[in-house]
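This briefing takes up ring pairs, helix packing, backbone geometry and contacts between distant positions. Please look through the sequence and the model before reading on.

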Amino acid sequence: MQLFDTQIKSLIDRKQFDEAIALVEELTDGLVDDKMSQLRELRVLKAEDLFYRRRFRQSMSLFSELSIPPERVLRLFPPSVSGAGNKTVLDNVRENNNQNGKDEHTLDDAMASSSAFSINLFSSKNDTLRSERRVSTVTHMTTRSEADVDSITSVGADARKEQDVKFFDRFLKPSIQKDEKDNTSIVDTFTNFLSIGGKPTDSKIEKNRTIRRKQKPQSADNGPIVDPAGPDNLSGKSLEKAVRYLLMYLVDTRRKLSKLEAIASGAITKEDLNLVSSEPLNLSEFDSDLEREHTLVDTTMLRCYILINPQLVGPLVRLDNHCDQQTVKEELIKCGRFTDLIDYYYSKKMHREALLLLKDLGEGKKDAIELLGPEPTVRYLQRLDNNYLDIIFEFAKWPLHCDEIYGCEIFMSNTSESESLSRSEVTKYLQGISNSLFRKYLEFIIFEGKDLSPDLHNQLALAYLEDVKSNLFIYPMDDTMVVEPMTKFLKLLKESSQYKPEKIMSSIPRDLSVFWEARAILFSRMGEHKRALEIYVYGLKDYAKAQDYCVSVYETELPNSKTVFHTLLELYLRPAGSRLTNAKSRRPSNSSSTYKPGSSPPALSSFLHPPQQSELNRSPSSSSLVSMQPAQFADEQIEINLDAALDLLSKHGSRLSAADALELLPSNIQMSSLGPFLEGHLRTASANVYRDRIYASLLKAELVRTQSTLLTLRSRHVSISETRMCPVCVKRLGSSVISVFPNQTIVHYGCSKAYKESLE
């Protein structure tokens, strides 16, 4: 046993790791404790030796094949790659030598000492020293969200590994010449050690030679290292070359860690993973803290990307990753990649940190021309949903103050995030900043967003009203500052049906004629058609609008909509304050909207001074219709407008009752002036008569056709004799219930379904 120990240690000291591996593989389990662990450690030492000899590709491939933890691999690299907290192998050796009071060895001696220091490979069964993992001191990493592992079952491990290699060969493989082939080291003969307690036979010697010929291991050079690639002297192109091959190891390790995290979290079982991957995975190969391992791998990948290809930093930080926050911040700020840092903050939902950085960059506190101004902040805020409304309100102020129009796009973009924002909270926020922003946002959500909330429609209508009232005393009536908001106000009142007219009516001034049309529209929404028509006839004196109003109401199914033309005719022929002729001979109109003879029609005060809010909620009485006559019309007699009445009769006479219309006309009117009305009315009546006659004729023809069909159906019959058989069951029909098909086939009622299926 001691001979094996001495011989293998001698091979390790001479860097003949392939021969040591071959010897351990030929030994039986009874001669060595924990054979697999010792073989693994020998291969690790070989990979480290390959690295020091600048065989980076072979070294990283072997590290990846053995699934070596990243801490041990990163100790081979300088702090610029591994991080300041990772101690290297040489650091451990130097510390050990200094503690023992020894002088520093040469690099070869140090490497040999590191190999001997790392493990004691062989010992007796009773005195076995297990190989221990050398764990470096790593900077504390903050906890990260779990990696997205849903896609690990989509492709096998072998295919994924091949994809990773192809990717890095394409984008990361440097333009380097192929390394020279390793010189095969001289293999000493270990025949005497393979036999126990006796001289080996010729067959055993030949067998051992055959095994060594088949293996033909690729061994590193046995001689001393002239220019070793240690962490202290790895720089320039050599460092770049080593980092490119390190990325291949990191990507493969990252994939393995994702699978192990999926198994640990229960997202997938180990048995299911083995169905799609032939690669064996063992949690014991890595640190028990998978999150820490993943953080170390991702953070190191970030440093590697910055070193060899900074363009790859963006995809890494934008996707789900486990990079250390402080390291990412320091490294990206150091190299001036603020855009990538903001993307990293967004992916980690660190929105406050991102917006504080954007504000500093936008105000020019840091050198980043592409992020100067409020535009980057606006674009970032547009990506936040209602869960971050407080942050949006906090950081939206300075873009709104810089550029009010552009800053308002934070809340008015056609995105799902913008639509998710609480509209009531946004309106309160914008109203406290600017009335113009408040109106612009309400217009956006009502006209473009099709919001049907009554409160928002009320707010927009009142905003238009306040805009008109404030500009009315500053600008002339025909100025754009008055006309434009008034046009928008009237358009909203006409097109929207979501606002509450009572609330808007209570806010309109009663003594300004500029709001008469708005009052007419509101009276219409409240169902007070007579009051609306009084404004058009007596106030605005716009008879065309009065007729258009009647047409729009007549075509609806609103209450009293069919009597609106009669109401308008009554306002023309029996205005307030006029002397009615032949009052005694007039009979009351059948229309519910006409006035009783002898009573005074409503004055202009009915629309200039409407009742209070409490009075609007109940049906108006006759006393409320004549209250509060305005001073400007107190001494004025409103004359009968016969011309407007005749024009109404000539255009819309067919929509009026002829008897009620003639009842309202004065007795001294000439019959010739009623010609168009009577002709139109007679023409409409004749058309109705002809239409009814045609309809009656069509009904008679339909009756004859129906009766003929009935006779035909009643005349159909079938004859059933005693010998007639059912074609389905081949039994006599007899007196059973039968079914008769259109082809005169007769079957039992119970057989009808089977016969129907046979026909289909």
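Rings of Phe, Tyr and Trp, the last through its six-membered ring, are taken as a pair if their centres lie within 6.5 Å, and a pair counts as stacked when the planes are under 30 degrees apart. With that criterion, a search of the whole structure, which is a predicted model, finds 12 aromatic pairs. One of them is formed by Phe393 and Tyr429, whose rings are stacked at 4.3 Å centre to centre with 10° between the planes.

**Overall make-up**

- The secondary structure of the protein consists of 39 helices and 2 strands.
- The protein has 760 residues, and 45% of these count as buried.
- Among the contacts in the protein with a separation of 6 or more, 67% are made by residues 24 or more positions apart.

**Aromatic rings and charges over rings**

- The pair of Phe393 and Tyr429 links distant parts of the chain, with Phe393 in helix α20 (residues 389–395) and Tyr429 in helix α24 (residues 423–431), 36 residues apart.
- Both partners fall below the cut-off for burial, which is under 20% relative accessible area: Phe393 counts as buried because its relative accessibility is 13%, and Tyr429 counts as buried because its relative accessibility is 12%.
- Elsewhere in the chain, Phe51, Tyr52, Phe56 and Phe77 are joined into a cluster by ring pairs.
- Tyr346 has the charged end of Arg383 over its ring, at 3.8 Å from the ring centre, while Tyr554 has the charged end of Lys562 over its ring, at 4.5 Å from the centre.

**Helix packing: α17 with α18**

- Two packed helices are described by the angle between their axes and the distance between the axes.
- For helix α17 (residues 338–347) and helix α18 (residues 351–362), that angle is about 155° and the axes are 8 Å apart.
- Angles over 145 degrees count as roughly antiparallel, and α17 and α18 are therefore roughly antiparallel to each other; their crossing is left-handed.
- On the α17 side, the residues that meet α18 are Phe338, Leu341, Ile342, Tyr345 and Tyr346, and their counterparts in α18 are His351, Glu353, Ala354, Leu357, Leu358 and Leu361.
- Tyr346 thus appears in two settings, since it is listed among the α17 residues that meet α18 and its ring also lies under the charged end of Arg383.

**Helix packing: α26 with α27**

- Helix α26 (residues 454–472) and helix α27 (residues 480–495) cross at roughly 155°, and their axes come within 9 Å.
- Because of this angle, α26 is roughly antiparallel to α27, and α26 passes α27 in a left-handed crossing.
- The residues of α26 that meet α27 are His457, Leu460, Ala461, Tyr464, Leu465, Asp467, Val468, Asn471 and Leu472, and they face a set in α27 that includes Met481, Val482, Pro485 and Phe489.

**Positive phi in loops**

- Most residues other than glycine have a negative phi.
- Lys450, in the loop between α25 (435–448) and α26, has a positive phi, near 55°, and counts as exposed because its relative accessibility is 61%.
- Lys541, in the loop between α30 (529–539) and α31 (543–554), likewise has a positive phi, of about 55°, and counts as exposed because its relative accessibility is 53%.

**Contacts across the sequence**

- Leu462 lies in helix α26, and its C-alpha is 7.8 Å from that of Ser507, although the two residues are 45 residues apart in sequence.
- With neighbours within four places in sequence set aside, the contacts of Leu462 are with Lys503, Ile504 and Ser507.
- Phe444, found in helix α25, counts as buried because its relative accessibility is 14%.
- The C-alpha atoms of Phe444 and Ser413 are 9.7 Å apart in space, while the two residues are 31 residues apart in sequence.
- With neighbours within four places in sequence again set aside, Phe444 is in contact with Phe411, Met412, Ser413, Asn414 and Gly449.

Notes
Residues are numbered from 1 along each chain as its sequence is written. This is a predicted model: local features need pLDDT of at least 70, side-chain atom pairs count only at pLDDT 80 or more; totals for chains, interfaces and linings use all residues. Side-chain values use heavy atoms; hydrogens and water are left out. Rings of Phe, Tyr and Trp (its six-membered ring) pair if their centres lie within 6.5 Å; planes under 30 degrees apart count as stacked, over 60 as edge-to-face and the rest as tilted. Helices (H or I, at least four residues) and strands (E, at least two) are DSSP runs, numbered from the N terminus. Buried means under 20% relative accessible area, exposed over 50%, partly exposed in between (1.4 Å probe, protein chains only). A charge sits over a ring if NZ of Lys or CZ of Arg is within 6 Å of the ring centre and within 35 degrees of the ring normal. Axes are lines fitted to C-alpha atoms, for helices over the stretch in contact, and angles run from 0 to 180 degrees between N-to-C directions. Angles under 35 degrees count as roughly parallel, over 145 as roughly antiparallel, 65 to 115 as roughly perpendicular and the rest as oblique. A crossing is left-handed if the near helix is turned anticlockwise from the far one by less than a right angle, and right-handed if clockwise. Contact means heavy atoms within 4.5 Å.
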